[in-house]
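Welcome! Below is a short guided tour for someone meeting this structure for the first time. Take a look, and then we will walk through its parts together.

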Amino acid sequence: MRDTNCPSCGAGQTAVFRPNMNRCAACGLVWLDEKYSGAPVYEEGMEKNIYGGGKTALFRRCLKTLAERFPSRGKLLDVGSAYGAFLGLAAAGGWRAEGVEIDARMSSAAAAAGFKVYNRPLEELGLPAASYDVVTVFEVLCLMGDPFRAVKEIHRALKPGGLVYIREFNGAFHLALDGSRIFGALGLRPSVIHNFNFTAESLRRMLAAAGFRNIKLRNSPPTTGDPYGTGGRLGAALTGLAKVGYYCAAQLLYFASAGRLLAGSSFIIEAEK
Ligand SMILES: [Zn+2]
């Protein structure tokens, strides 16, 4: 059954983009008809790096931003907290940190480390209204069954003046690379397609519709090395260099276009309640 209206912005101008994929002409969101709801499956040994090590620099950068904004810290909810790598850093930085993680194995690991972790989808938790200063969401909206409902829930659970800090893939970047023969021939897998493949515009519209204000989007620096193994035979060091090079190019384009063009492979979004 094809969704007829864009789930992000509500526009009716949607069309089949590829088999099982729809695209909104108004905001550029691409979404799958049949959503994947299982936990992502990664090769042995990759998982810890994906959920932790490869993102440590991004986590620290996020916490620096949050510390500047909330000097006396407060209560933080990390949606998609995995093994609790971010919760650990946040707690060390003075936050009262809680998580949401639907994968039982990962949520128990974080709970064993002493964190309160909800083990059901955010939309079903009925979290108390206006109870968090900050909600963080690292690469999770794209995997959800209903990110639009989730974003409304985040807005409800935040205190007035609270902040949502999101890292999300740039769907336009990944769809452009998907199926590229050049990358395939080199054994590279630089792209990934999710349930929801957001553009900058679709993220802005979704957050605005949920009631957020001062919505700020920018290119995200890449993860460190090659946690997803996307670089194939290039290996982690060269792939890491290629990613940094691409990020610099995207930043040049961003500044040259006075902030209008966001071509990075991922975005950082901040928005206030
Ligand atoms: Zn749309």
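Helices (H or I, at least four residues) and strands (E, at least two) are DSSP runs, numbered from the N terminus. Residue numbers start from 1 along each chain as its sequence is written. The model is predicted: local features need pLDDT of at least 70 and side-chain atom pairs count only at pLDDT 80 or more, while totals for chains, interfaces and linings use all residues.

**The chain as a whole**

The chain holds nine helices and eleven strands. A residue is called buried if 20 or more other C-beta atoms lie within 10 Å of its own, exposed if 12 or fewer, and partly exposed in between, with C-beta atoms placed from the backbone. By that rule, 41% of the 273 residues count as buried. Two residues are in contact if their C-beta atoms, placed from the backbone, lie within 7 Å. Among the contacts with a separation of 6 or more, 62% are between residues 24 or more positions apart.

**The nonpolar core**

A nonpolar core is a set of buried Ala, Val, Leu, Ile, Met, Phe, Trp, Tyr and Cys residues joined through C-beta atoms within 7 Å. The largest one here has 59 residues, and Leu29, Val135, Val137, Leu141, Val164 and Leu203 have the most contacts inside it. This core draws at least three residues from each of domain 1 (1-30) and domain 2 (45-272); the domain bounds come from an automatic or database domain assignment. Leu29 is a good place to start looking: leaving aside neighbours within four places in sequence, Leu29 is in contact with Cys6, Ser8, Cys24, Phe196, Phe198, Thr199 and Ser202.

**A four-stranded sheet**

Strands of a sheet pair through backbone hydrogen bonds, either parallel or antiparallel. Two strands count as paired if DSSP finds at least two bridges between them. One open sheet of four strands runs in the order β1-β2-β3-β9, with antiparallel pairing. Why is one side of β1 (14-18) and of β9 (196-197) left without a neighbour in the sheet? Both strands stand at the edges with a single partner strand each, so one side of each has no neighbour there.

β1 and β2 form a hairpin with two residues between them, and Asn20 in the turn has a positive phi of about 70°. Further along, β2 (residues 21-24) pairs with β3 (residues 30-32). Met21 has a place in both pairings: Arg18 stands opposite Met21 in β2, and Met21 stands opposite Leu32 in β3.

**Strand β11 and its partners**

β11 (residues 266-272) is mostly covered, with five of its seven residues buried. Strand β8 (residues 158-169) pairs with β11, as does strand β10 (residues 213-219). In the first of these pairings, Phe169 stands opposite Ser266; in the other, Arg213 has Glu272 as its bridge partner.

Here are the antiparallel pairings described so far.

| Strands | Bridges | Sense |
|---|---|---|
| β1 and β2 | four bridges | antiparallel |
| β2 and β3 | three bridges | antiparallel |
| β8 and β11 | seven bridges | antiparallel |
| β10 and β11 | five bridges | antiparallel |

**Two packed helices**

Two packed helices are described by the angle between their axes and the distance between the axes. Helix α2 (residues 56-69) and α3 pack at an angle of about 40°, with their axes 10 Å apart. The contact is made by Phe59, Arg60 and Leu63 of α2 and by Ala85, Phe86, Leu89 and Ala90 of α3. Axes are lines fitted to C-alpha atoms, for helices over the stretch in contact, and angles run from 0 to 180 degrees between N-to-C directions.

Which residues of helix α3 (residues 85-92) are buried? They are Ala85, Phe86, Leu87 and Ala90. Just after α3, Gly94 takes a positive phi of about 100°.

**Around strand β7**

Asp133 lies in strand β7 (residues 132-138). Is Asp133 buried or exposed? Asp133 is buried, because 20 other C-beta atoms lie within 10 Å. Not counting residues up to four places away in sequence, Asp133 touches Phe70, Gly74, Lys75, Leu76, Lys159 and Gly162. Its C-alpha atom is separated by 8.4 Å from that of Leu77, 56 residues apart along the chain.

Two loop residues also deserve a look. Ala130, in the loop between β6 (116-118) and β7, has a positive phi near 50°. Ala130 counts as partly exposed, because it has 13 C-beta neighbours inside 10 Å. Glu139, in the loop between β7 and α5 (147-157), has a positive phi near 50°. Glu139 is buried, with 22 other C-beta atoms within 10 Å.
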